[in-house]
Amino acid sequence: MQGYILHTQSVKDEDLIVNILSPKQVVKSYRFYGMRHSNILNGYKIDFELEESSRFLPRLKDVLHIGFSWILDREKMFFWQEFIRLFYWHLKDVENLDSFYFELLDECAKRFEKQDCKRVIVDAYLKILNYEGRLHKEFVCFACDEQIMQDVVLIRAFLPAHSKCVFGYEFNPRHLCHFYEKQNSSHMCDEEIDKLYKIIKEGF
């Protein structure tokens, strides 16, 4: 079985509770002496086996780290682990799920090799909102329920609003429409990407 380590929590001595995103579920497992193993780090993709236990969590064993070509790039790892942290909190209370999330992380890991990390994360976040039915493609202010005719202010989860109603980052509506349609931010400038990324950091 393969999966992405979303979160680790140290418990007695050097053991760990490890949350792993697999293609079909978020696995909560127990790793004996996990703190001694360098391949148990947030964001790592691993191949693993589970040994079921009737008393406690399944035991994580036979762990093999599946490396990325950029794994030693400190800046990329910082962005990756920050993204994984947001993933963990978003899926924290979920057990079974579609393969969409696992496949999205696979896609992002490949794109991290050659593309700007923030742009990859911005595109992925939009895909999550769209997949979960939370993307507001019609620019109607969530605060006053009126149409937005000029620049659009976006807040957490890309909720649209008027600048007079909510304090936040403003965006050109044409740029957003193209972004929402293509699910690709390549046409947007670095300043817009920085704004979108700051919104994402507030949480999924």
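A pocket, as the word is used in these legends, is an open set of grid points with protein on both sides within 12 Å along at least five of seven lines, and its lining residues are those that have an atom within 4 Å of a point. The model shown in every view is a predicted one.

**View 1. The largest pocket and the residues that line it.** The lining of the largest pocket is made up of Q9, N19, V26, K28, Y88, K92, D93, V94 and E95. Sorted by character, these lining residues comprise four charged, three nonpolar and two polar ones. The space that lies in this pocket comes to about 150 Å³.

**View 2. S22 in the loop between strand 2 and strand 3.** The loop that holds S22 follows strand 2 (16-21) and leads into strand 3 (26-31). S22 has a relative accessibility of 3% and therefore counts as buried, the cut-off for that term being under 20%. When its neighbours within four places in sequence are left aside, the residues in contact with S22 are M1, Q2, G3, V27 and F102.

**View 3. The open sheet of three strands.** The strands of this sheet are arranged in the order 7-6-8, and their pairing is antiparallel. Strand 7 (159-161) and strand 8 (169-171) each have a single partner strand and stand at the edges, so that one side of each is left without a neighbour in the sheet. On average, and with direction ignored, neighbouring strands here are turned by 45 degrees against each other. Strand 6 (residues 152-155) runs antiparallel to strand 8 and is joined to strand 8 by three bridges; V152, for its part, has F171 of strand 8 as its bridge partner.

**View 4. Helix 4 and helix 5 against strand 6 and strand 8.** Helix 4, which covers residues 173-182, packs on the sheet and touches both strand 6 and strand 8, its direction making about 55 degrees with that of strand 6. Helix 5, formed by residues 190-200, lies across strand 6 and strand 8 and runs at about 130 degrees to strand 8.

**View 5. The chain as a setting for the close-ups.** Five helices and eight strands are found in the chain, and, read along the sequence, they follow the pattern β-β-β-β-β-α-α-α-β-β-β-α-α. The C-alpha atoms fill a box of roughly 60 × 35 × 25 Å, taken along the principal axes. Of the 204 residues in the chain, 46% are buried. Among the contacts with a separation of 6 or more, 51% are accounted for by residues 24 or more positions apart.

Conventions
Residues are numbered from 1 along each chain as its sequence is written. This is a predicted model: local features need pLDDT of at least 70, side-chain atom pairs count only at pLDDT 80 or more; totals for chains, interfaces and linings use all residues. Side-chain values use heavy atoms; hydrogens and water are left out. Two strands pair if DSSP finds at least two bridges between them. Helices (H or I, at least four residues) and strands (E, at least two) are DSSP runs, numbered from the N terminus. Axes are lines fitted to C-alpha atoms, for helices over the stretch in contact, and angles run from 0 to 180 degrees between N-to-C directions. Contact means heavy atoms within 4.5 Å. On a 1 Å grid over the protein atoms alone, a cavity is a set of points where a 1.4 Å probe fits but cannot get out, and a pocket is an open set with protein on both sides within 12 Å along at least five of seven lines; lining residues have an atom within 4 Å of a point. Grid points are joined across faces, edges and corners, and a volume is the space filled by probe spheres set on the points. Ala, Val, Leu, Ile, Met, Phe, Trp, Tyr, Cys and Pro count as nonpolar, Asp, Glu, Lys and Arg as charged, and the others, Gly among them, as polar. Buried means under 20% relative accessible area, exposed over 50%, partly exposed in between (1.4 Å probe, protein chains only).
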